[in-house]
Amino acid sequence: MARYPEIEPYDHGMLDVGDGNRVHWETSGNPRGKPAVVLHGGPGSSAGPNLRRYFDPAAYRIVLLDQRGAGRSTPPASDHATDMSVNTTAHLMADLERLRTHLGIERWLVWGVSWGSVLGLRYAQTHPGVVSELVLTGVATGSNAEVGLLTRGLGTVFPEAHERFLAALPADERDGNLAAAYNRLLESPDPQVRERAAQAWTDWETAMIPAPPGSVARFQDPVFRMGFARTVTHYWGNDHFLGDGGDDDQEVVLRDAHLLKGIPGTLVQGSLDFGNLLGIVWRLHHAWPDSELTIVDEAGHDAGDVGDDVLVAATDRYARRGG
């Protein structure tokens with residue numbers, strides 16, 4: 001089962017969400033169809049047109065948005081003057097609510113990839129009445145254990161790349177929270193310091209998580225690279241803004257999995273996704289009885305063509321449930 005053909009949006013706009021931020025959104029498919037909102041990864045990536053293709057355009061009203069500071073939303077995180085203190089998980093969830101209200105939508109299916117799955121899960125836990133279903137891939141929960149694995153634990157798997165990753169930091173910053181240490185460099189008043197840090201961060205990202213060619217190419221763009229690195233380290237260095245910051249073993253999304261009761265969910269995960277080393281998606285699935293889990297053999301963070309088939313089958317099935 002292939003993804004649906006490419007389509008163009010029938011409407012789009014810039015929504016003022018406060019704090020000087022304007023969020024870019026677009027809608028495609030059937031204006032009277034079942035509403036679905038797509039949450040992109042990163043944080044700090046953007047909503048690309050291929051994400052529309054996971055939905056039957058005759059059955060869905062497909063909403064894409066670029067989260068604060070990302071993609072076509074303004075002001076961009078790549079601009080050093082942009083205030084990142086008003087870019088947190090709580091702000092992004094409030095933006096979703098503003099957009100839902102703006103579009104006159106009562107409930108919508110939430111589709112998320114990677115960081116988008118963290119945001120989608122927390123949004124559903126805190127706003128369960130407006131989420132009809134969840135479809136998530138490259139699943140993560142934003143726990144400190146996941147950040148620790150991706151910034152330090154995988155150093156034994158990719159020692160040469162990790163050595164370069166550490167070498168880009170001051171010697172006295174290499175034993176603590178590496179994401180926070182990088183974020184301090186990315187907030188430096190010196191543009192050369194910021195650029196070197198953005199390059200080193202994205203070099204490590206591509207070393208540990210092999211990405212599709214298009215994603216790697218985006219990291220060659222210094223503007224995208226800066227915005228992405230600044231946003232990721234801002235979130236990863238601050239517990240994804242999920243808890244009170246006082247618990248090193250923080251697992252807020254897993255702890256609150258019971259709040260997803262009654263919301264049907266589909267989880268699609270590559271067997272070689274490094275997040276599986278922590279058993280995160282398995283634990284989430286077993287704590288959420290209304291979820292179904294598909295593990296795609298020999299696939300990584302991107303579950304590939306087989307994963308795409310499962311994701312499309314899920315949205316097709318949920319379309320038949322109505323709103």
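**Exercise 1. Place glutamate 173 in this predicted model: between which two helices does the residue lie, and which residues beyond its sequence neighbours are in contact with it?**

Step 1: start with the secondary structure. Glutamate 173 sits in the loop that runs between helix 4 (159-167) and helix 5 (178-186).

Step 2: check the exposure. The relative accessibility of glutamate 173 is 22%, and buried means under 20% while exposed means over 50%, so glutamate 173 counts as partly exposed.

Step 3: list the contacts. Setting aside neighbours within four places in sequence, glutamate 173 touches Leu178, Ala181 and Arg184.

Step 4: try a distance. Leucine 92 is 81 residues away from glutamate 173 in sequence, and their C-alpha atoms are 30 Å apart.

**Exercise 2. Now take leucine 64: is it buried or exposed, and which residues is it in contact with?**

Step 1: find the element. Leucine 64 belongs to strand 4 (residues 60-65).

Step 2: read off the accessibility. With a value of 1%, leucine 64 counts as buried.

Step 3: look at who is around. Outside the window of four places in sequence, leucine 64 has contacts with His24, Trp25, Glu26, Val38, Ala47, Gly48, Leu51 and Arg52.

Step 4: pick one partner. Tryptophan 25 is 39 residues from leucine 64 in sequence, yet the C-alpha to C-alpha distance is 5.6 Å.

**Exercise 3. Go through the aromatic rings: how many aromatic pairs are there, and what geometry do phenylalanine 55 and tyrosine 60 have?**

Step 1: count. Searching the whole structure turns up 14 aromatic pairs.

Step 2: classify one of them. The ring centres of phenylalanine 55 and tyrosine 60 are 5.1 Å apart with 70° between the planes; planes over 60 degrees apart count as edge-to-face, so that is the label for this pair.

Step 3: add the burial. Both phenylalanine 55 and tyrosine 60 are buried.

Step 4: look for a cluster. One aromatic cluster is made up of Phe158, Phe165, Tyr182, Trp201, Trp204, Trp236 and Phe274.

**Exercise 4. Hunt for backbone oddities: which peptide bonds into proline 43 and proline 75 are cis or trans, and what is the phi of serine 114 and of aspartate 239?**

Step 1: recall the background. Most peptide bonds are trans, and most residues other than glycine have a negative phi.

Step 2: check the prolines. Glycine 42 and proline 43 are joined by a cis bond with omega about -5°, and proline 43 is in the loop between strand 3 (34-39) and strand 4. Threonine 74 to proline 75 is cis too, omega being near -5°; proline 75 is in the loop between strand 4 and helix 1 (89-102).

Step 3: check phi. Serine 114, not a glycine, has a positive phi of about 55°. Its loop lies between strand 5 (108-113) and helix 2 (115-126), and at 18% relative accessibility serine 114 counts as buried.

Step 4: do the other one. Aspartate 239 also has a positive phi of about 55°, in the loop between helix 8 (222-236) and helix 9 (252-255). Aspartate 239 is buried, at 13%.

**Exercise 5. Zoom out: why can the chain be called as compact as a globular protein of its length?**

Step 1: tally the elements. The chain has 11 helices and 8 strands.

Step 2: compare radii. The radius of gyration is 19 Å and the globule rule gives 20 Å for 323 residues; these are close, so the chain is as compact as a globular protein of that length.

Step 3: add burial and contacts. Of the 323 residues, 54% count as buried. Of the contacts between residues at least 6 apart in sequence, 74% link residues at least 24 apart.

Definitions and conventions: Residues numbered from 1 in each chain as written. Predicted model: local features only at pLDDT ≥ 70, side-chain atom pairs only at ≥ 80, totals over all residues. Heavy atoms only, no water. Helix = DSSP H or I, 4+ residues; strand = E, 2+ residues; numbered from the N terminus. Rg over C-alpha atoms; globule rule 2.2 N^0.38 Å. Buried < 20%, exposed > 50% of the residue type's maximum accessible area, 1.4 Å probe, protein only. Contact = heavy atoms within 4.5 Å. Phe/Tyr/Trp six-rings, centres within 6.5 Å; stacked < 30°, edge-to-face > 60°.
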